[in-house]
Amino acid sequence: MSEKTKLEDIVSLCKRRGFIFPGSDVYGGMAGTWDYGPLGVSLKKKIMDEWWKFWVEDREDMFGVDAAIIMNPKTWVASGHTATFADPLVECKECKSRFRADKIADGISESVTTEEFLETHTKCPNCKSENWGPIRKFNMMFSMHVGAVLPDDDAEVADKNIVYLRPETAQGIFTNYKNVVDTLYPNLPFGLAQQGKAFRNEISPRDFILRDRECSQMEIEYFVRPDAWEEDFEKMRKLQHEFLENRMSLKTENIHELEVPAEDRAHYSKRTIDFMFDYPNGEEELMGLAYRTDFDLANIQRESGKNMEYRDKNTGETFIPHVIEPSIGVERLFLAVLSTAYMEEEKDGKTRVLLKLPENLAPYRFCVSPLLKNKPELVEKAREVYDRLREKYGNVTWDDSGNIGKRYMKQDEIGTPKCVVVDFDTLEDNTVTVRDRDTTEQIRVSIDEL
Ligand SMILES: [Zn+2]
């Protein structure tokens with residue numbers, strides 16, 4: 001990413017090369033939703049797999065869960081979402097447009113009152129008038145009915161069957177804490193990790209995939225001894241950097257830790273660090289690290305009547321563990337990876353666009369092509385090389401369209417590190433041209449050395 005890279009450049013590349021399309025594009029779109037195309041799925045999956053490997057498979061103290069998206073509504077009462085997961089909604093009386101009050105006025109928070117909002121003398125972004133209705137709390141959970149509810153059922157019947165699409169994956173972890181302790185009885189500290197979809201009915205989705213209505217989260221609830229939380233928080237903080245910088249290849253200078261002051265923290269948190277990232281459209285939250293105390297397990301114990309205490313194997317003492325939660329949105333990480341990789345280079349009066357994706361994340365590691373596609377002997381040899389590399393590395397693509405220059409341009413834009421070209425010399429000496437994405441240098445390499 002350079003100083004002048006704009007979010008639009010990345011949106012445009014994503015569409016042009018099949019990373020991300022607007023959701024339901026063929027029907028004119030669906031606000032706040034995005035669809036991943038072949039290359040986007042590949043990159044997204046690699047990001048999620050790297051995360052899973054780093055946090056779960058490579059560690060002794062982490063275990064995975066995969067909970068249902070639709071959960072018992074008591075979950076959201078206990079977690080506080082039914083009461084507090086709401087945005088301040090304001091309606092313009094002139095044009096009937098609705099907005100999130102804290103997003104259209106400067107210097108006010110999510111808990112703004114009608115009076116405070118009116119004092120800002122904000123004009124309607126749509127019609128420029130200043131005739132506002134009162135601030136109303138708008139709950140961002142998507143609600144729906146489960147089971148056989150008919151349109152003419154009375155409200156009482158309908159209300160009983162209301163469920164929500166989960167607004168976070170965290171509660172699917174907390175509700176399984178007891179199941180895991182009862183079955184595996186891991187030593188403290190231990191973590192439960194989950195990847196999955198979460199849904200938020202954003203009043204005004206915007207900023208591409210940064211604020212969408214449907215997103216994927218990767219969350220860990222790390223259960224610790226209450227007296228050890230500071231030490232474990234610090235351990236988690238350091239590991240976040242290791243993951244973001246070494247596995248995702250984000251630049252240290254683009255990541256900023258923001259210690260969230262008490263008045264801005266979520267209701268359950270005693271300490272939160274927001275990891276901010278320099279996106280093309282400015283600094284935005286990439287992930288959060290929160291100390292949630294025993295808030296969630298204590299609430300579950302109260303709502304469910306089930307004991308959430310942990311019994312220490314050595315001392316026999318019992319207590320409700322406290323929790324450190326690293327939480328990251330896949331889309332936010334995806335965009336951070338893409339914008340770090342995005343480059344434009346001027347060469348011979350032409351602009352070359354490339355994605356300098358690291359090898360572990362690039363959708364394809366190699367592209368193999370015959371110099372000419374109408375020479376059967378070249379095509380046959382190139383197929384042999386392609387099969388061989390595919391067997392060895394898996395993610396290898398084939399391209400025999402257009403001329404070589406066009407193929408290189410395409411592979412640069414989708415981030416393929418190496419292009420392998422089979423030509424007439426290959427038939428003689430079994431060597432191929434390997435062209436490097438970042439330097440554009442070409443070298444001859446024996447097929448056996450690939
Ligand atoms: Zn208006």
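1. The protein chain contains 15 helices and 23 strands, and the reader should keep in mind that this is a predicted model. Along its principal axes the C-alpha trace extends over about 80 × 70 × 50 Å. Of the 450 residues in the chain, 32% are buried, and among the contacts with a separation of 6 or more, 63% are between residues that lie 24 or more positions apart.

2. An open sheet of five strands deserves attention, its order being β20-β19-β21-β22-β23 and its pairing mixed. β20 (396-398) and β23 (442-446) form the edges, and because each has a single partner strand, one side of each is left without a neighbour in the sheet. From one strand to the next, the twist averages 30 degrees.

3. Within this sheet, β22 and β23 run antiparallel and are joined by five bridges. The residue that stands opposite R444 of β23 is T433.

4. Two helices lie across strands of the sheet. Helix α13 (residues 376-393) lies across β19, β20, β21 and β22, and runs at about 165 degrees to β19. Helix α14 lies across β19, β21 and β22, and its direction makes an angle of about 155 degrees with β21.

5. In α14, which comprises residues 404-414, the buried residues are Y408, Q411, D412 and I414. An α-helix has 3.6 residues a turn, so residues three or four places apart point the same way. The elements that cover the buried residues of α14 include α2 (38-57) and β18 (350-355), together with β19 (366-370), β21 (418-422) and β22 (431-436). After the helix comes G415, whose phi is positive, near 85 degrees.

6. Two residues other than glycine with positive phi may be worth checking by eye, namely K96, with phi near 70 degrees, and N430, with phi near 65 degrees. K96 is found in the loop between β4 (86-91) and β5 (98-100), whereas N430 is placed in the loop between α15 (424-429) and β22. K96 counts as exposed because it has 10 other C-beta atoms within 10 Å, where the cut-off for an exposed residue is 12 or fewer. N430, with 12 other C-beta atoms within 10 Å, is therefore exposed as well.

7. The peptide bond between L188 and P189 is cis, with omega at about -5 degrees. P189 belongs to the loop between α9 (177-184) and β9 (190-199).

Terms used
Residues are numbered from 1 along each chain as its sequence is written. This is a predicted model: local features need pLDDT of at least 70, side-chain atom pairs count only at pLDDT 80 or more; totals for chains, interfaces and linings use all residues. Helices (H or I, at least four residues) and strands (E, at least two) are DSSP runs, numbered from the N terminus. A residue is buried if 20 or more other C-beta atoms lie within 10 Å of its own, exposed if 12 or fewer, and partly exposed in between; C-beta atoms are placed from the backbone. Two residues are in contact if their C-beta atoms, placed from the backbone, lie within 7 Å. Two strands pair if DSSP finds at least two bridges between them. Axes are lines fitted to C-alpha atoms, for helices over the stretch in contact, and angles run from 0 to 180 degrees between N-to-C directions.
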